[in-house]
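Visitor: Please give me a close look at one part of this model, namely its buried interior. I am in my first year, so I would be glad of one connected explanation that goes step by step.

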Amino acid sequence: MSEPSPTTETTESESTDTNDPTSTRTAATASMSGTSTTTGESEEELREEWTDYQFAGETHVAAENLDVHYGDDHALKDISIDIPSESVTALIGPSGCGKSTFLRCINRMNDRIRAAEVDGSVEVDGVEIYQDGVDLVELRKRVGMVFQQPNPFPKSIRDNVSYGPRKHGDIRTGLIDRLLGRGESDAELELVERALKRAALYDEVSDRLGDNALGLSGGQQQRLCIARALATDPDVLLMDEPASALDPIATSKIEDLITDLSEEYTVVIVTHNMQQAARISDQTAVFLTGGHLVEYDDTDKIFENPESQRVEDYISGRFG
Amino acid sequence: MKMARTDYQEQLDALRSDVLEMSDLVIERYEIALKSLESKDESLAREVIEGDQRINELYLELESDCIDLFALQQPVAGDLRFVASSFKIITDLERIGDLSTNLAGYALDAERERYPEVDVVYIGTEAGAMVSDAVDAYRHDDAESAREIADRDDKIDRLCGDASGVVIEDLLRTEYSDTDKEMMDDVSRLLLTIRDLERVADHAVNFCARTVYIADHDTELIY
């Protein structure tokens, strides 16, 4: 892996010479002078060592040779990536690069899209999730997801959080408990309180848990959705642009929350906001046009000294 | 095809050419200061001292440009290394400007050559060459040259050490009356001149260190 061996799957023309000392500074002129695609990307070879990220902790999620097709569209090409536990991994890249597709592979949300065909392997805690007999309900309980638009149920704040555990049977609904008027509601209240506190929302809503969740602000709704995801006691949290619909104050609350959560959870976040990726993630994976994972490394390395010229051009906002 | 962020690219290009312009001005002042030291030309010395104000103004303008780039454009990767390094480099340039005014000041005060065997102009010329070569390396993102230029600092240090040695040995050998104020002034001025020239070379090394960092993300010369 240490040898700089270009993979065979490359773009068709000559790569830009990344050893050229002036290439960094002249990225602009380089992409204007012929070696560019219509989107403004310069062309270069993919190199395996750019994605061969070494880390100290344990691997929580591992994809290997993952390919996804949507009909004729080859959305993800041969993705292999190990995601460390209890950390924040940011997935960045231009629209259509496959980062959300990859995120959805981690809890098999793509199963819901009929045209999607997934080949390759994804392991969570060392267990292959793309094999027969995998309990998808159990999988999605362990691998929670938060979406771009806050999507609370039109129910009370309390019911939003307790919905998952109830469905999963985690809250006792035994006859005796109900007859005695205890147990269920105590356990439920405790669980709701714990999840809301973990999502940094409890103090703002503690006196109105019975109110409809749709009356909350957007930022509060998103934290409620995070609380809802946490309530089923997952260990991986997938977030697809969780703050892109929020104002800066609400965004910074979500960002603080993500940092806190990464002490206990493995967070994988797709974001279009590169500064957000830089602020909150421990490692960053850059997907580029064509569904390739081009570079994956510590976040400071990606933002200070990426290996790939295309990655540098993308994070500098020179295309995408 | 129109490039994304053309305005940003223009600001980066402008920063580079402004830093180079400031470099040229600083080198020009330094060379005049050396000339004034050599020829004891009062008008040249005054030109350097009065010109320092312009260098300080440029320094503040460029500092402000760098802060604007950080705050408004949030540079990353190579751009970040370039802006951060330029932000540091302009401080070195400004210091070289200050040292030039020191040298010009010594030229104004010096009436005698007490140690003609100490060739401060030679040391100064060597240190100045380091500065202008370092600027060229920055201009061309040339890390390899920058490393070589930084190595030349050892020679400057040696020249300065030898020069100070000549003065100190002489002081140890000779008995002076403690009322010889002229002697005291001459000796301390010469030692200060030597120290300032050594510092000019040190700033050239800093310049090289930042250039290596920009081009290669290599912090070896910085730390």
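## A close look at the buried interior

Guide: Of the 320 residues that make up chain A, 44% count as buried, and in chain B, which has 223 residues, buried residues make up 42%. Please keep in mind throughout that this is a predicted model. For chain A the pLDDT averages 85, and 82% of the residues score at least 70. Over residues 1-38 of chain A, however, the pLDDT is below 50, although this stretch has 69 contacts in the model beyond near neighbours in sequence.

Let us begin with the nonpolar part of the interior. In soluble globular proteins, nonpolar side chains tend to be buried together. Here the largest nonpolar core has 140 residues, and those that touch the most other members are A227(A), A134(B), A204(B) and C208(B). Helix α7 of chain B, which covers residues 181-216, supplies the largest share of this core, with 14 residues. If we stop at A134(B) and leave aside its neighbours within four places in sequence, we find this residue in contact with A146(B), I149(B), A204(B), F207(B) and C208(B).

Two of those partners, A146(B) and I149(B), lead us to helix α5 of chain B, residues 143-151, where A143(B), A146(B), I149(B) and A150(B) are buried. Seen down the axis of α5(B), the buried residues fall within an arc of 120°, and so they line one face of the helix. It helps to recall a rule of helix geometry: an α-helix has 3.6 residues a turn, so residues three or four places apart point the same way. The buried residues of α5(B) pack against three other helices of chain B, namely α4 (120-139), α6 (153-173) and α7.

These helices belong to a chain whose secondary structure comes to seven helices and zero strands. The C-alpha atoms of chain B fill a box of roughly 75 × 35 × 25 Å along the principal axes. Among the contacts in chain B with a separation of 6 or more, 83% are between residues 24 or more positions apart.

For another buried place in chain B, turn to L12(B), which is found in helix α1, residues 6-39. With 22 other C-beta atoms within 10 Å, L12(B) is buried, because the cut-off for that word is 20 or more. Not counting residues up to four places away in sequence, L12(B) touches D79(B) and F82(B). The C-alpha atoms of L12(B) and A204(B) are separated by 22 Å, and these two residues lie 192 residues apart along the chain.

We can now cross to chain A, which has twelve helices and ten strands. In strand β7 of chain A, residues 236-240, five of the five residues are buried, so the strand is largely enclosed by the rest of the structure. From β7(A), V236(A), L238(A) and D240(A) point one way while L237(A) and M239(A) point the other way, and all are buried.

The neighbours of this strand come next. Strand β6 of chain A, residues 143-146, is joined to β7(A) by four bridges, and the two run parallel; G144(A) stands opposite L237(A) there. β7(A) also pairs in the parallel sense with strand β8 of chain A, residues 266-270, over five bridges, and in β8(A) the bridge partner of M239(A) is I269(A). To get from β7(A) to β8(A), the chain crosses through helix α9, residues 248-261, and this β-α-β crossover is right-handed.

Chain A offers a contrasting kind of pairing as well. Four of its strands form an open sheet in the order β2-β1-β4-β5, with antiparallel pairing, and the edge strands, each pairing on one side only, are β2 (73-84) and β5 (127-128). Within this sheet, eight bridges join β1(A), residues 59-70, to β2(A), and T59(A) stands opposite P84(A) in β2(A).

A last stop is helix α4 of chain A, residues 157-168, whose buried residues are I157(A), R158(A), N160(A), V161(A), S162(A), G164(A) and P165(A). After α4(A) comes G169(A), whose phi is positive, near 80°.

Key: Residues are numbered from 1 along each chain as its sequence is written. Chains are lettered from A and ligands numbered from 1 in the order in which they are written. Two strands pair if DSSP finds at least two bridges between them. A nonpolar core is a set of buried Ala, Val, Leu, Ile, Met, Phe, Trp, Tyr and Cys residues joined through C-beta atoms within 7 Å. A residue is buried if 20 or more other C-beta atoms lie within 10 Å of its own, exposed if 12 or fewer, and partly exposed in between; C-beta atoms are placed from the backbone. Two residues are in contact if their C-beta atoms, placed from the backbone, lie within 7 Å. The arc is that of the directions from the helix axis to the C-beta atoms. A crossover is right-handed if, with the strands pointing away from the viewer, the path from the first strand over the helix to the second runs clockwise. pLDDT is the predictor's confidence in each residue, from 0 to 100.
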